[in-house]
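Visitor: Hi! Could you walk me through this one?
Guide: Happy to, let's have a look together.

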Amino acid sequence: MLSDNHAEYRRNQTRGAPRDGAAVLQGIVWCGRCGHKMGVEYKNGNRYVCNFLARSQGGALCQHLPADPIDARVVEALFAAASPAELAELMHAKDARQQADEAFELAEAQQIKRLRYQALLAERQYNRVDPDNRLIAAELERRWEGALRELRQAEDALERRRAMQSQSDDLTSAEQNDFIAAGSQLPEFWQRPDIEWGRKKALLRSLIDKVILQRVVRDRITIRIVWRGGEVTEREVEPRVHALSALSRGAEMEVRLLELAHQGLNDTEIAATLTKEGFRSPRRSYVPVRTVQIVRQRHRVLRQSTPARSHHIPGWLKVSELAMAADVSRSWIRHRIRNGVISIHQNATHKRVLFPDAAATIAAIQELKSGVRQHLDFNQPATE
């Protein structure tokens, strides 16, 4: 904490103190394009902004990313790291490392045994040489010293390894139980309204060293989480965009949508199929029915209609049927009904104007058209 809070002029290199803003990665988020630390902007929504090049060189903003979906993905990774499954993986990794260390130590011990024999052999050869033969004696002495040096280096390396292994970082049973209990309570703790954002950020920093963000395309942001132990986890988030054309698979989805529409699927079925195939809308992680309707109507693809059914009412003629039979237009008949030339009541059962289905009806309409008759009365009873 002292290191993070120290020296205001180094705040672009340090994480800084966790504050109570809603952007949980404040102080630990870095730009994946230029490598500089990103700032936080709370105007019109939470955002991570890289403006280092804009301030130092007068250029454009490097990146301007929505914070909420990124924070949600990082917090999700934090919960996963504190889960019992992660502890089980840790124990499994420690067992595998211990087995590897034991095998490596056995190999080192065998190597030391071999070097000790070579040093002893070099000593014997040096002791047996004639002192008067100075060239041979000097060469054998050099070999003996080299063998002793290699032996000493190997023994020192083995001692250092054993000293590091003696400093065990294994968790006790009580620590394991505490870890499991804390991991199961972490999501509930995170959602509590009485916990300040500063405490949540401090908890996040206890496991995460930094987060690197980069927008690879308009609708996809890569997230690289660097943990305190040095491990790296990669995630992706698909932020909202302004239109279907801004989606990297927008054109592909449009073609697929029209193909399904021509196959006769309704809008609900099309939306479910596209979502299952991994498509999304500009503002949702799935394809809503309304998006299907907009695209279909834009391309003038009408919904498949049901098979045509006969709407003829036995014993009666609708206006359209009478107009066709009498060779007049429907508007001609409706106009004369409105001005009273044709007197007729609406059928109470079918809630529409119906004429008797008879040859006399057709003949009367033709006589009215030719001027033989000036008025027709087709008044029907209130109910039929």
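**A chat about the model**

Guide: Let's start with Ser281: leaving aside neighbours within four places in sequence, Ser281 is in contact with Leu247, Tyr286, Val287, Pro288 and Thr291. Keep in mind that this is a predicted model.

Visitor: Okay! Where is Ser281 found?

Guide: Ser281 sits in the loop between helix H9 (267–276) and helix H10 (289–298).

Visitor: And is Ser281 buried or exposed?

Guide: The relative accessible area of Ser281 is 3%. The cut-off for buried is under 20%, so Ser281 counts as buried.

Visitor: What does the side chain of Ser281 reach?

Guide: The backbone nitrogen of Arg284, at 3.0 Å.

Visitor: You mentioned H10. At what angle do H8 and H10 pack?

Guide: Helix H8 (residues 250–262) and H10 pack at about 80°, and their axes are 10 Å apart. That makes H8 roughly perpendicular to H10.

Visitor: Which residues meet there, in H8 and in H10?

Guide: From H8 you have Met253, Glu254, Leu257, Leu258 and Ala261, and they meet Thr291, Val292, Val295, Arg296 and Arg298 of H10. Sorted by class, the contact of H8 with H10 has 6 nonpolar, 1 polar and 3 charged residues.

Visitor: New topic: strands! In what order do they form the open sheet?

Guide: The order is E1-E5-E6-E7, so to speak from one edge to the other, with 4 strands and mixed pairing. Strand E1 (29–31) and strand E7 (232–237) stand at the edges with a single partner strand each, so one side of each has no neighbour in the sheet. From one strand to the next, the twist averages 25°.

Visitor: How many bridges join E5 to E6?

Guide: There are 8 bridges between strand E5 (residues 208–217) and strand E6 (residues 220–227), and these two strands run antiparallel. Arg215 stands opposite Ile221 in E6.

Visitor: Which helix packs on the sheet?

Guide: Helix H3 (residues 67–81) does, touching E5, E6 and E7. The direction of H3 makes about 35° with that of E6.

Visitor: Last thing: what is the phi of Arg300?

Guide: Arg300 has a positive phi of about 55°, although it is not a glycine. Most residues other than glycine have a negative phi. Arg300 is in the loop between H10 and strand E8 (316–317), and at 75% relative accessibility Arg300 counts as exposed.

Visitor: And what about the phi of Asp327?

Guide: Asp327 has a positive phi too, near 60°. Asp327 lies in the loop between helix H11 (319–326) and helix H12 (330–338), and Asp327 is exposed, with a relative accessible area of 60%.

Note on methods. Residues are numbered from 1 along each chain as its sequence is written. This is a predicted model: local features need pLDDT of at least 70, side-chain atom pairs count only at pLDDT 80 or more; totals for chains, interfaces and linings use all residues. Side-chain values use heavy atoms; hydrogens and water are left out. Two strands pair if DSSP finds at least two bridges between them. Axes are lines fitted to C-alpha atoms, for helices over the stretch in contact, and angles run from 0 to 180 degrees between N-to-C directions. Contact means heavy atoms within 4.5 Å. Buried means under 20% relative accessible area, exposed over 50%, partly exposed in between (1.4 Å probe, protein chains only). A polar contact is a pair of N or O atoms within 3.5 Å; within protein, one must be able to donate a hydrogen and the other to accept it, and residues adjacent in sequence count only if both atoms are side-chain atoms. Angles under 35 degrees count as roughly parallel, over 145 as roughly antiparallel, 65 to 115 as roughly perpendicular and the rest as oblique. Ala, Val, Leu, Ile, Met, Phe, Trp, Tyr, Cys and Pro count as nonpolar, Asp, Glu, Lys and Arg as charged, and the others, Gly among them, as polar.
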